[in-house]
Amino acid sequence: MPESFCESVDLQAIAQRVGTPFFITSAEVLRRRIADVQRLTDHPQLQARYAMKACSTRRVLEEICKQGLWIDAVSGNEVLRAHGAGFRMGTQPPTVLFTADVFRDNALAVIVEHSILPNIGSPAMIDELKTAGHRGPIGVRLNPGFGHGHVSAVDTGGPSSKHGIWHEDADGVRRAAEQAGYPIVLLHAHVGSGPTIDEFTANMAKLAHFFVERVGDYPALEAVSLGGGLPHPYRPEVPPLDLNPLARGLRDAQARVSAAAGRPLRLEIEPGRYLVAPSTALVARVTDVKSTRPNDKGPGYTFAMVDAGFVDLIRPAMYGSYHHITIHGAEAKVPRPPVVVAGPLCESGDVFTRGADELLQPRDLPPPQRGDLLILHDAGAYGVAMSSNYVSIGRAPQVWLEDGQPYLMSRRETVEEITGRECFERL
């Protein structure tokens, strides 16, 4: 079941202070998930890196830093945000890793200035590092030729994936790194989450075997990363994950790759969504309820119009992803007619109740009323992080909830902040 921390909070009082929509994050839920991951990697040679692309809000990063997890960053600015939240730069072993297939913007400058370990996913990045003056080791991300995301749009391994260096080209990249003077200290691959923990565990075992056959070719190797993708059960009927089989699998994988290398190797994983997804909800206001009538073009629907849209939470519009929805304070046993929850944007796809086939999938909800607060649960992963200023809407504020007390983490964005970088200057 989705975390129900919202039901014990006076959301109406918070809405009066910050307006709607807003995100609310439970410190208790976040810490519980961090503890799950710490138990999963409770071994001297196992380490978890937080894939901070899932949510890079400073207060969230500070909590993750305090609890001893490391960071996987995918941009120069993510590295700088991690630094600002307390993560140490240039450490050995590297507590901050940069993983990408393309160096963009300030990435190379940040890597060189802060002595960050770059984990490259494209062969030409070796020449770019050399030109930028990078000195020190590197990591290499490989595409093992297989993988599976929770939807096809996020496949991270296999022939259709842009990520990593194709496994059959690894020898050439290894030779190029040697010629450039870059010891390869990390081998990395990511094959996606899959829809279930059983599939994820099976993928990890398959990936461990992939590395067992290769670690002997890398004399400077210190670590192997099995990537991220630890799934989160978004649907209420899906039981909580049993992480014990995965924990056993990770220990076995660490032992196997170490035996193949002839020395202890660190085994890393990169959970993102699992850590933050259930910690945060998106709270929206129902602004109206209206209906269409059936005709020869299709059935009629009841629409609950809310003030949140895909500018706030894009996953349903982009992937047809499921987020559990409740009406704050509604009685559990009232009739539940099917309702389509739709946002304020001009696109027909601005609907939170859609399937992967892009068709409407009404939800059985207590009859919404104008003024109700509607909660979109499990919005902590890729909610705030993928929010946008489309149609010049300001990003929603974020609230931190700890010991029943709300704190403002970020203000609602103003039009002045949106337009502040616009200029007209001769180049």
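The dialogue below goes through several features of this predicted model.

Me: How many helices and strands does the protein chain have, and how compact is the chain?

Reply: The secondary structure comes to twelve helices and 18 strands. The radius of gyration is 23 Å, and the globule rule gives 22 Å for 427 residues, so the chain is as compact as a globular protein of that length. Along the principal axes, the C-alpha atoms fill a box of roughly 70 × 60 × 50 Å.

Me: What share of the residues is buried, and what share of the contacts joins residues 24 or more positions apart?

Reply: Of the 427 residues, 52% are buried. Among contacts with a separation of 6 or more, 70% are between residues 24 or more positions apart. The accessible surface is about 19600 Å², and carbon and sulfur atoms account for 50% of that area.

Me: How should I read a nonpolar core, and which residues have the most contacts inside the largest one?

Reply: In soluble globular proteins, nonpolar side chains tend to be buried together. Here the largest nonpolar core has 80 residues, and Tyr50 and Phe211 have the most contacts inside it. Helix H8 (residues 197-212) gives the largest share of this core, seven residues. A second, separate core has 18 residues, among them Val306, Leu313, Ile325 and Val339.

Me: What does Phe211 contact, leaving aside its neighbours within four places in sequence?

Reply: Phe211 is in contact with Leu187, His188, Ala189, Val224, Ser225, Leu226 and Val257.

Me: How do I read the two sides of a helix such as H3, and which of its residues are buried?

Reply: Look at which residues are buried and where they point around the axis. In H3 (residues 58-66), the buried ones are Val60, Leu61, Glu63 and Ile64. These residues lie on the same side of H3 because they cover an arc of only 160° around the axis. Arg58 and Lys66, on the other side of H3, are exposed.

Me: What covers the buried residues of H3, and which residue follows the helix?

Reply: The cover includes helices H2 (27-40), H4 (76-84) and H10 (273-276), together with strands S2 (46-51), S3 (70-73) and S17 (398-402). After H3 comes Gly68, with a positive phi near 90°.

Me: What span does H2 have, against the expected one?

Reply: H2 has 14 residues and reaches 20 Å from its first C-alpha to its last, close to the expected 20 Å at 1.5 Å a residue. Its buried residues include Ala27, Val29, Arg33 and Asp36.

Me: Where are cis peptide bonds found?

Reply: Check omega. One cis bond joins Thr20 and Pro21, with omega about -5°; Pro21 is in the loop between helix H1 (11-18) and strand S1 (22-26). Another joins Gln92 and Pro93, with omega about 0°; Pro93 lies in the loop between H4 and strand S4 (96-100).

Me: Which residues other than glycine have a positive phi?

Reply: They include Asp378, with phi about 55°, and Ser392, with phi near 60°. Asp378 lies in the loop between strand S16 (373-376) and S17, and Ser392 also lies between S16 and S17. At 2% relative accessibility, Asp378 is buried.

Me: Is Ser291 buried, exposed or partly exposed, and what does it touch?

Reply: Ser291, in strand S11 (residues 280-291), is partly exposed, with a relative accessible area of 42%. Not counting residues up to four places away in sequence, Ser291 touches Tyr301 and Thr302. Its C-alpha is 4.3 Å from that of Thr302, eleven residues apart along the chain.

Technical notes: Residues are numbered from 1 along each chain as its sequence is written. Side-chain values use heavy atoms; hydrogens and water are left out. Buried means under 20% relative accessible area, exposed over 50%, partly exposed in between (1.4 Å probe, protein chains only). Helices (H or I, at least four residues) and strands (E, at least two) are DSSP runs, numbered from the N terminus. The arc is that of the directions from the helix axis to the C-beta atoms. Contact means heavy atoms within 4.5 Å. A nonpolar core is a set of buried Ala, Val, Leu, Ile, Met, Phe, Trp, Tyr and Cys residues joined through side-chain atoms within 4.5 Å. The radius of gyration is taken over C-alpha atoms; the globule rule is 2.2 Å times the number of residues to the power 0.38. Accessible areas come from the Shrake-Rupley method with a 1.4 Å probe; for residues, only the protein chains shown count as cover. The expected span of a helix is 1.5 Å times one less than its number of residues.
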